[in-house]
Every structure is written in C-alpha cells, then in structure tokens.
Amino acid sequence: MSDRTMAGQVLLFIWFLSLSSALGQVSYSIPEEMAKGSLVGNIVQDLGLDLKRLKSGKARIYTGDSAEYIELNKERGVLLIKERIDREALCGQTTPCALHLQIILENPMEFYSVTVEVTDINDHSPFFKRSEMRFRISESAVTGAVFVLERAMDLDVGTNGLQTYVLKPSDNFSLKLQSQADGSKLVEMVLQKPLDREKQEHLSLVLTAIDGGDPQLSGTAQIHITVLDVNDNAPVFTHKIYKGSIIENALKGTVVTTVSASDLDEGSNGKVKYAITNTLDNVPELFEINETNGEVRVTGNIDYEKARHYQIHVQASDDGGLTDSSKIDVDVIDINDNKPLINIMSKLTTISENSKPGTVITMINVQDSDAGENGQIHCSITENIPFTLKSTNNNFFSLVTDSDLDRERESEYNISVTCADEGVPSLSSSVTLSLQISDVNDNAPVFEKSSYEASVQENNTPGLSIFTVRARDADFNQNARVSYILEDSSVNGVPISSLVSVSADSGVIHAVRSFDYEQIKDFQFRVKAQDGGSPPLSSNASVKIIIQDQNDNAPQVLYPVQSGVSVVAEIVPRSADVGYLVTKVVAVDVDSGQNAWLSYKLQKATDRALFEVGLQNGEIRTVRQVTDKDAVKQRLTVVVEDNGQPSRSATVNVNVAVADSFPEVLSEFTDFTHDKEYNDNLTFYLVLALAVVSFLFIVSIIAILSVKCYRWRRERMFYKSGANLPVIPYYPPLYADVGGTGTLQHVYNYEVCRTTDSRKSDLKYVRPCSESIISLDTSGTQTLTHAQRGKLINEEFDEQQKPPTADWRFTQNQRPGPSGAAATPEVAMGTGPWPNPPTEAEQLQALMAAANEVSEATNTLAPGSMGLTTRYSPQFTLQHVPDYRQNVYIPGSTATLTSNQQQVQQQALPPAQAPVPQPEPPKAAQTPASKKKSTKKEKK
C-alpha cells in the first residue's frame, strides 16, 4: 500500500466521523486486547444526552446476533469493554475492523448508532506451517538455479504484518523476494556457488521471517539440502609405482604385492576394478591380479636364472569408464643359505658420560659366504639409543656415539648389533655389547621448590626446628652428596645468621633466637645447595619465614593518662541525662588479629549503678539520671582485655567528679594525691625501704647480743668460789660427745616459754622426783613426766609482783652468786633482792651452769631416778656455759653434790636450818621500772 493511498483513507475516515456526528452517530477507535472494564468513550457527552434521559429511557445496547463486547454504564454514561476483543478472531485480515451497535432509548423511542473500530497490535509472530523444508540438489546444478520456499504467515495486519525474510548462512545460496498482486511476497532460494558433494554432502540453512511491529517478532524454519553425486572423479592409485620381490621357485598363489586405488564418487560411480594390461611379454602368464582387492599373486614358475626382474602394468577403472594406471616392479631373489659371521675387533667396556659424539666404542668385521644379493650384508643396532653404526669399508663397521650421553638417564647400555644379508628369507646374526657409563659432575642440586614458605610462632625456643629444605642431585656417589649453606644477607641490618641456621647435612632450618612478631613479621633469605663434585655445582632457593603472632602483649591505655603527679578528673554535671558520655577509654594492643581485639569492662566503681562502659568502644556513659545524693568523687576501674588465648588485660583508673562547678570539684579532690599508693614504683620503693630497715635492725640486735655475751664471759672469769659450797671436781674422761662438740655425752635442753610481754614470761625448770637423789637415766635420755614437770611450772605474774614463796627464800650460804658476797639483813631474811643484781643474760647463764653441775653429779647416783629432759636444740647445750661447779646449788633441795660416789657417801648433808622469824620490812612503792625488774627476777 502506497503512502498516497494511506493518506486518502485517513482523510476519508475523518470525514466519515464528522458526518456521523451530524446524523446522530458516534465512532470510537480502540486497540485490541484491552482489559475488561476499560473505557471506550463518554457516550452522553458525545451524543449530547443527559444521564437522567439514559435512566428514564432505559437505555440499552443492541448488537443483533453478534457477541456483546461493549456494555453501557448508565450511572456514568460511558461505554466500557465487556469482553476481551481479539481483532484477528473478529475480522481476520479485513481492515478496518469495526463493531457496529445501536443505543436504544424509550419514552420517546430513540436510537443512536455507535461504531467502534478495533485497531491491530503486534501480538502475533510470523510462523511457517512446516518447521523444516528439505531439498535434493545435484552437485552438477548450475549457478542461478532457483528453488521456491514456503512462505510464512502473520495474523497481524499493516505494519505489524510480515515484512521481510533472512537466509543464513549465505555461502552457496541467496534469497530473492518477489511481490505478488495480492500484496504477498514470493520467496525464492537462488544457487550462487556450485555444490561439491565430495566436500560437503549435507547443508543446513535457517530461513527467518520478520514482521514490522515494535518490537519486531520473527519465526524460523530449517532448510535441509542433500547434495546428489555425479561421476566426476576418476580412480586414483595410491602409488604410481609399486615395488615387490619374490624368491625363485615360489609357490603358486604367493602374493607379490597389493595395489590400491580410490574413487571419491559414491555408488556405482565409485566402484573400482583392477586389471593387468601387459601384452608384449609373458607377465600375464606368471602373475594375476584380483579385480576387487588388487592383490597380485604368482600363477607360473618363477626362475631367477631366466629373469631377475618383472614389470607389471595395472589399470583401475569405475563403472562410468574413468580409469587410472600404475606399474609394479617385481625383483626375483636368489635363495639364501648362509648366515653372516660377526667378528669383534676392538671394544670399550666403560665410557665417560661427557664423551663427545663420534667417539668409537667398538669395531666390527662381518663376512657372508653367499654370492650376489645373498652376500650383501647390512647391520643395525637397537633403536632409541645414543649410538649409531657406521660402515667404514666393505663389511667393516664402527659403533660410535651419536649424541650426548647422560649417566643419570641411563647408566648402562646393552647394545644389540644385528647383521643380515639380502637373501629371502634373510639370514642374520647378532651380538650384544655391554657398556658402562661413568659419572661426571654435570648436574647441580635441584630443590624440590624454587621458593619455600613456612611459619613459626613468635616467642619460640631458640634452636627450634622450623622446617626442612631438600635438594636432590642426579649424579652418583660423591658428586651427589648435597650440603646446605645459608647465603649471607641481612634483615633490617641484622645478619641472617643471627636469625636462623641451616643444617649442612639434613637441610633442617633452625631458629637461632626467639622471634618477636612486633619487631619483625617476616623475612626472606636464600639457601644454597652445593654438591661434592670437583668443581662443585650449586643452586639456591628462596625461603620466606612468616612469624605468627601470639598474645604476648597486654593492652596499653592511651587515655586517660595515668600520672601520680596530678589528678585528672572527668566532670559530670548533676543535670546529666541517661547515656551522658563521661569520657572514653582509648587503648591499643601491639599484637595483631584477634589478639588485638579489645573489650572494655567495668571492674570496680564507687557506684556501679551510675556508670557503664561500652564493651567495644570503651565509652563511659551514665546509666541513670544523676541525683544530688550521688557522691562528688567517683572512682572507676576499667579493665581492657584482648581476645587472645590466654587473654591479657590492663586496668585504668578514671576519676569522675559529679559537680556543677569547678570550686566544688577542687575542694573535694584535694585528697586525691593520696592515691599514690596505687603507683607500682612507689610500692616497690616502700617494700625496699622496709626490707633495708629490717635488715639493719636484725644486724643491730645480733651485734648488741654479741657484745653482751662477750662482756658477760669476761666478768664470769673473775668470779670466785663460794666458801660454804664444796668444790666438785671435774672429770672430763667420764663423758663422750654425741652432739659433735667433744665435751658432753648428753645434750640438755631447757624449755623457755616467753610472751611478747616480758612481765608475763616464765621459765619451766625441772624439779627432781626425789628431794635428795638425782639419777641419770641409763638410756642416755634425761626426761621428766608431764605430771612432774607440771608441778614445777611457775604461775604467771599479775600486774603487781607477788612475794616469793618460802621454797625460794634461802640464806646467804644457800644462794647462788659470787663467793664472798656480803649478806645484808634482807638477804638473811630471804626477802631482799639479789645482791648486786645481774643482768638477764647473767641470770640465764647462772641457771645453765647450775644444770651443768647437776648433770655431772648425777653420774655418781644410782640409776632409776628421773633425769633432765631436752627441750631445745644444741644452741642451748651446756658446753657453752663457763665452769661454775664451785657455785652450784639446787633450789628446793638441801643436797650437797660431790664429784664421785665415795664423796657422796662420806659427806653428810647438814640439816636445813630454820630461818629466824623476823618482821618483814615494809616494801617500798613499786615504780614501773622496779616492777619490771622484779618481774624479770621472778621469771628467772
């Protein structure tokens, strides 16, 4: 349809609409496939009617017998789609496509005509009735031959209908379109290039039909073409000349050779037949050929003496009369009955692997007694070896190296030399030569990998084996012995030998020192592998050591800064709301990975209900409203912990002031300087000072005691014996030392019970079970029973000193002390203090001296009595006490001790003299000093 025709139709349609409106008609145009309920037009407005008229007139639509696609909405006065409209089903290829309906009104009766044109949309693709089209075309078809193709169909009309065709591939055919009188197009396929069945027997093309819609739709059909054969190829032999041989006197039917010819045609055009075409000689009588498979066989008697050579002409032909020819050269071979004889003239058994090509290994001479071709000899050796056999003269051969030798590839060769004559059947002889290949150092050590990578945990033990490098040398013996050497290099200025070492024999790499991930994360070096050849060969490999991090660093708090010089406090106003940001704890961890993931926790707080710490960000915020009851000074201890295994942590103290003004904060925080006790350095110095003071105090006490003991011993050396006490001789030979001092046979200890208050100290002294006899236990151990020892325990003194008991009041002759001491009235009465009161050390030494005299005297008494028991270790043994045997007396006893048994029997004990009763003199009021001295005396 031309553009001029289309424009005329549009003008005609506009004129028709105008005329229809004037005559009480209305027209609408809608596309097909509109949804139900879609608006077609406002019929009330277009016809100039009133909605009341529609209702009062009972307006309805009349379509006759056709289906109702349009409905009237009386409430709105519009026409709506009642059923989906398919233009192709309604009108097919007719254009234009329209629906005609009438609107009928009553009271009075009226009717109006309505025309609804349904326009086409591109909702259908072009299609072929047959999806495949097949053609059989001879390969002799000429260029320009035309083949009509099936046309496609498209249900749409206008521009949405079928527009064009495309044919692919277009190597041999092109597409030609011809317009028909009815507007359709005839589709023709034209041959552009001759077909060749021998190259391509089957062709497959795709025909595509395309419409003009937007978007375009298409349909396809497959075109299958079979190329038919014609006899355009002659048979062709595989060889122009065939060669064959046969021994004389060969049996009939012996195959001489087989010829072959091929024809590219098929069927009868490709069937080949063979024939012998000789006419001038007797070849057809001696040989025949199989016309089907081309085998040439012997049919007559072959005599070497008559003819040594035959030439057979052969022809191949197909059923179409095309032919090809070839010939066969047949040699007649004499009978062979002698084997070649091989002689070894010279040979080597060992050769170095670095021998040059052409080195002679063996020289051979071969002889054959046959004549003619049966006497012609050829020799060969084993294939795929680096040797070759060269003929130097008639029947003389040399075995030489043909290429480089490699002992690592093959260390020994068994070379088989075979010599055969030209006879049929051929006779041959063979000999095997053994050759050893000696090694040279021509292979450098080769590492398993050109680069290695290993990892090691930091803080490793020095000498730890990290991993092993290995290199292999293909050489033999000493040339294959590999040693490993660490090449000189440095890492950050540090020699690599101070970091790692390599075992020369095994290639094991050891860590020389402990690594620190925070200082060095990885380093590289090279290891050289060197063999033991001369000269040595070597190769190297790169090694990368990766240090793996461990959690060996605790978090470090950057803020708030902990300082003992000044107090830093965060101020929180009392008007702060919930979630108020007080401060933020900032910490870092020099470790990496999860070892550096930090979490924050509130460990201690003055008021835990007031503050909280963000687990991940360390932000300190209020969790409730600040009140006036909250203390001004708030101290928070925050723990920063990493995520390592095991985890490490650090603590930080945060001072918070809850106040609205700075003077209030300043007055409340003046005592924060006392927080220095939290300083670790200050604690260390305090402990050190305490230790020094304690050490000086102990040294002073020891020095004072040493001086006092020294003075006491000098004073006691000048004491004289008492006049009323007998002298007890001393017999050292009676004692043997078991305590290691060489003076006493037995060790005597005394139990001294002292309290922190010297006024309440007492002394437990052993009282004998008999008033007149002291015995020595024969077992060598002097003991007292608990009952006996309990009787001797003195009661503790009260705050006021009690008067001494009668058992401890003695006359001057009975009291211990230096001889010649004057007896005062107080001494005679037994109520006064000691004459010339000694010091505490002197009193203790006097008691120990008295016990020594008792121990000497008990050696002369009868066994069975109770002795003295040991209570303390040898520092209280009596060997350190001066000899005061002349001054010994026993409290509570009137016994006089002698040095031997006879002296005990001879000396009578004087009766105890009753003291003269005298009035006790009045005691002076005790001062604290005198009370302390009297208490010490009672203890002793």
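Visitor: What makes β17-β21-β20 an open sheet, and how are its strands paired?

Guide: In this predicted model, the three strands follow the order β17-β21-β20 with antiparallel pairing. The edge strands are β17 (255-258) and β20 (287-289), each of which pairs on one side only. Neighbouring strands are turned by 20° against each other on average, direction ignored; axes are lines fitted to C-alpha atoms, and angles run from 0 to 180 degrees between N-to-C directions. Strands here are DSSP runs of E of at least two residues, numbered from the N terminus.

Visitor: How do you know that β20 and β21 pair?

Guide: Pairing requires that DSSP finds at least two bridges between two strands. Three bridges join β20 to β21 (residues 295-298), so the criterion is met. F287 stands opposite V298 in β21.

Visitor: Why is D324 called buried?

Guide: Buried means under 20% relative accessible area, exposed over 50%, and partly exposed in between, with a 1.4 Å probe and protein chains only. D324 has 15% and therefore counts as buried. D324 is found in strand β23 (residues 323-333).

Visitor: What makes the pair D324 and K240 a polar contact?

Guide: The term denotes a pair of N or O atoms within 3.5 Å, where within protein one must be able to donate a hydrogen and the other to accept it, and residues adjacent in sequence count only if both atoms are side-chain atoms. The side chains of D324 and K240 are joined at 3.4 Å, which satisfies the cut-off. The D324 side chain also reaches the backbone nitrogen of F237 at 3.0 Å.

Visitor: On what basis are these values computed?

Guide: Local features need pLDDT of at least 70, side-chain atom pairs count only at pLDDT 80 or more, and totals for chains, interfaces and linings use all residues. Residues are numbered from 1 along each chain as its sequence is written, and side-chain values use heavy atoms, with hydrogens and water left out.

Notes. Helix = DSSP H or I, 4+ residues; strand = E, 2+ residues; numbered from the N terminus.
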